[in-house]
Amino acid sequence: SSDLSLSMNISSTPVTQLSPSDIDFEHFESRNLLFTATISNSNEVEVNAKLNGTVDIFLADGTSFPGAVTFLTNQFPIATSGRTITNLNIGRNADIKLEDFHFDESAKQKVQDIALSTGKFPAGRYIFKIVLTNVSCNNQVVGQNEVVFNLQNASRIELRSPAEGATTKDR
């Protein structure tokens, strides 16, 4: 048998905010480009692959949700010329459908409560781990990358002085 080798390189877009549609691939259509996976196929033939993803959430308030979101795509072909896939290609209405999707209920509650009031996810680190498996070769893991988004919460302004209840003197 030939060496069924694939490789993957992931690049990300600098993102300062995420919305529910950006990580809930199953229920929403994202309009924001988050990552691009460039997959090379060094075989003489087209090969089928799957992407397996995890999103770990570490919020600025100290709450963490490792494995908050997990997903597995259906298999898709990778031509000998390779293939480029972005997060916009994955999901219900996209060309790569999901075989499995899970959004941890407590993580969803926490981030969506804030997202509903502000339209954005809370400040923190959102780590997308993307694993490429070669279906044509017993689901062998052939590529693994992670993309980290550090979200700042710019919408909250904290007054430094005067302190609550304090008064200032005119000079």
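Helices here are DSSP runs of at least four residues, numbered from the N terminus. With that in mind, select S21, which sits in helix α1. The model on screen is a predicted one.

**Stop 1: S21**

S21 has a relative accessibility of 17% and counts as buried, because the cut-off for buried is under 20%. Show its side chain together with that of S19: the two make a polar contact at 3.0 Å. Beyond the neighbours within four places in sequence, S21 is in contact with F28, E29 and S30.

**Stop 2: the whole chain**

Zoom out and colour by secondary structure. The protein chain has two helices and nine strands. Traced from the N terminus, the elements follow the order β-α-β-β-β-β-β-β-α-β-β.

The chain has 171 residues, and 41% of them count as buried. Its accessible surface is about 9900 Å², with 45% of that belonging to carbon and sulfur atoms. Take the contacts between residues at least 6 apart in sequence: 70% of these join residues at least 24 apart.

**Stop 3: helix α2**

Now select residues 105-118, which form helix α2. How far apart are the end C-alpha atoms of this helix? They are 20 Å apart, and this agrees with the expected span, since 14 residues at 1.5 Å a residue should give 20 Å.

Within α2, pick out A107, K108, V111, Q112 and A115; these are the buried residues of the helix. Next, find what covers them. The cover includes α1 (20-23), where S21 sits, along with the strands β3 (47-59), β4 (64-73), β7 (98-103) and β8 (124-134).

Step past the end of the helix to G119, the residue that follows α2. The phi of G119 is positive, near 85°.

**Stop 4: the nonpolar core**

Select L18, I57, F76, Y126 and F128. These residues have the most contacts inside the largest nonpolar core, which has 40 residues. Strand β3 supplies the largest share of this core, six residues.

Keep Y126 selected and display its surroundings. Apart from neighbours within four places in sequence, Y126 is in contact with L18, D56, I57, L59, V111, F121, V147, V148, F149 and L151. One of these, V111, is among the buried residues of α2 from the previous stop.

**Stop 5: the loop between β8 and β9**

Move to N138, in the loop between β8 and β9 (140-151). N139 is found in this loop as well. What is the sign of phi at N138? The phi of N138 is positive, about 55°, although the residue is not a glycine. N139, also not a glycine, has a positive phi of about 55°.

Turn on the surface to see how each residue is placed. N138 is exposed, with a relative accessible area of 74%. N139 is partly exposed, at 44%.

**Stop 6: T86**

Finish at strand β6 (residues 83-86), where T86 is located. Is T86 buried or exposed? T86 counts as buried, because its relative accessibility is 16%.

Show the side chain of T86 and the backbone nitrogen of L88: the side chain reaches that nitrogen at 3.1 Å. Then add L33, F35 and T36 to the selection. T86 is in contact with these three residues, leaving aside its neighbours within four places in sequence.

Technical notes:
Residues numbered from 1 in each chain as written. Predicted model: local features only at pLDDT ≥ 70, side-chain atom pairs only at ≥ 80, totals over all residues. Heavy atoms only, no water. Buried < 20%, exposed > 50% of the residue type's maximum accessible area, 1.4 Å probe, protein only. Polar contact = N/O pair within 3.5 Å; in protein donor to acceptor, adjacent residues only side chain to side chain. Contact = heavy atoms within 4.5 Å. Areas by Shrake-Rupley, 256 points an atom, 1.4 Å probe, with all protein chains shown as cover. Expected span 1.5 Å × (residues − 1). Core = buried A, V, L, I, M, F, W, Y, C linked by side-chain atoms within 4.5 Å.
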